[in-house]
Amino acid sequence: MIIIKEGNKTVENKSSAAKFKMIAKTMFGLEEVLAAELKELGAEDITPVTRAVTFTGTMETLYKANYCCRTALAILKPFAEFEANNEQELYDNVYKIQWEKILDVDCTFFIESAANSKIFTNSYYAALKTKDAIVDRFRSMFGKRPSVDTENPTYKFNIHIFNNKVTLLMNSSGESLHKRGYRQAVGIAPINEVLAAGMIQLSGWKADTHFFDPMCGSGTILIEAAMYANNIPAQYYRNSFGFMRWKEFSRPDWRRVKEQADRQIREFDYDIWGSDIDMRVLEQAETNLKFAKLHHDVMLYCQSIEFQEPPEGPCMIITNPPYGERIAVDDLNRMYSMIGNTFKNLYGDDKTAWLITSDFEAMKNIGLRPSRKIHLFNGPLECRFLKFDLYSGSKKDKFKQNDDNQ
């Protein structure tokens, strides 16, 4: 059942084919990538905004977005909007919502809040007033109330406040969608799965060449590349979503969406390689690959970057070297110089290399001019995702060769 608050009027729509607005949250810099994913799934009215994409669709679209989108962190469904100019108005408007049509008294719930408002300066307190209004309505109607559960709630709600405009949303994903379910072993500084997937798509790789991560750590980029190459849905290894606990959840519709997506899984005709100097993290990568049943698709090598050559022929190289933030590096400048020398001297033609870093000074030691820079964030760290078009010999020789071929 869909419940929409329009002023003082509540509109109910029980049809699973009814269209409604949704918001897909993502990371900064991945908005256009996520918008393209949603378009591919049949979403409509797609609008990228900062760290999110708004769109419309049906419950089936909501299921697809959760299961298939590689760059979404959560799919939110707005269900109430109103204005509140003080705390009492916030409480009163929340109290008026027919929460008993969403929740049962034996359900649990949790509220996340975000406020950009001179009226509501404390987002935690706004969430607390919202919680009070919900439980007070249940007490007045049934004499008992649903409980709050911060760990595994039946319903996760979001409250967004901008100035005096309040929006309440249901989080259909439950846990963040970066938690794919395949990560069984975790390294010291693993890259976020959503960021890894976004980097792969930003690189322009179409799974039509080999793929190589020469500083692969526990294997997140490799696994995301293998899933993308084989068209394995982003949440193929995950069993639980928030929408499964909703009253309007349709198991037959969900099963159909999942089966249709799973039928699109395909074989990949090229090689995916990873290497790292640390055997311990390679063992973690192997554990994760085996759980995902991708260990036959990805080759791992225990070797330092300057000695491990990528597969022969055209190859996409994407890596996440240490920044010196969570992994100590004796000399970052020397490490980045070594990376640059490896790109120049070992990789040669038919290769494109991308790396992400937050150390803007150390990256100058790569000694190559990037052909593209993309602004991203890795957690709280502001980063640049850098593209290097590689070639053998000098740039002058490369351009002369291109002229001779024309």
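Here are a few friendly notes on this predicted model, covering confidence, cysteines and one helix pair.

1. Ground rules. Residues are numbered from 1 along each chain as its sequence is written. In this predicted model, local features need pLDDT of at least 70 and side-chain atom pairs count only at pLDDT 80 or more, while totals for chains, interfaces and linings use all residues; side-chain values use heavy atoms, leaving out hydrogens and water.

2. Confidence. The average pLDDT (the predictor's confidence in each residue, from 0 to 100) is 91 for the chain, and 90% of the residues score at least 70. Two stretches deserve a look: pLDDT stays under 50 over residues 1–14 and also over residues 394–406. The model has 35 contacts (heavy atoms within 4.5 Å) beyond four places in sequence for residues 1–14, and two such contacts for residues 394–406.

3. Cysteines. You will find zero disulfides here, a disulfide being a pair of cysteine sulfur atoms within 2.5 Å. Cys 315 counts as buried because its relative accessibility is 4%, and Cys 383 is buried at 0% (buried means under 20% relative accessible area, with a 1.4 Å probe and protein chains only).

4. Helices 5 and 6. Helix 5 (residues 193–202) and helix 6 (residues 220–229) have axes that come within 9 Å and cross at roughly 60°. Helix 5 and helix 6 are therefore oblique to each other (oblique covers angles outside these classes: under 35 degrees, over 145, and 65 to 115). Among the residues making the contact are Ala 196, Met 199 and Ile 200 of helix 5, and Ile 221, Ala 225 and Tyr 228 of helix 6.

Conventions: Buried < 20%, exposed > 50% of the residue type's maximum accessible area, 1.4 Å probe, protein only. Axes fitted to C-alpha atoms, helices over the stretch in contact; angles between N-to-C directions. Helix = DSSP H or I, 4+ residues; strand = E, 2+ residues; numbered from the N terminus.
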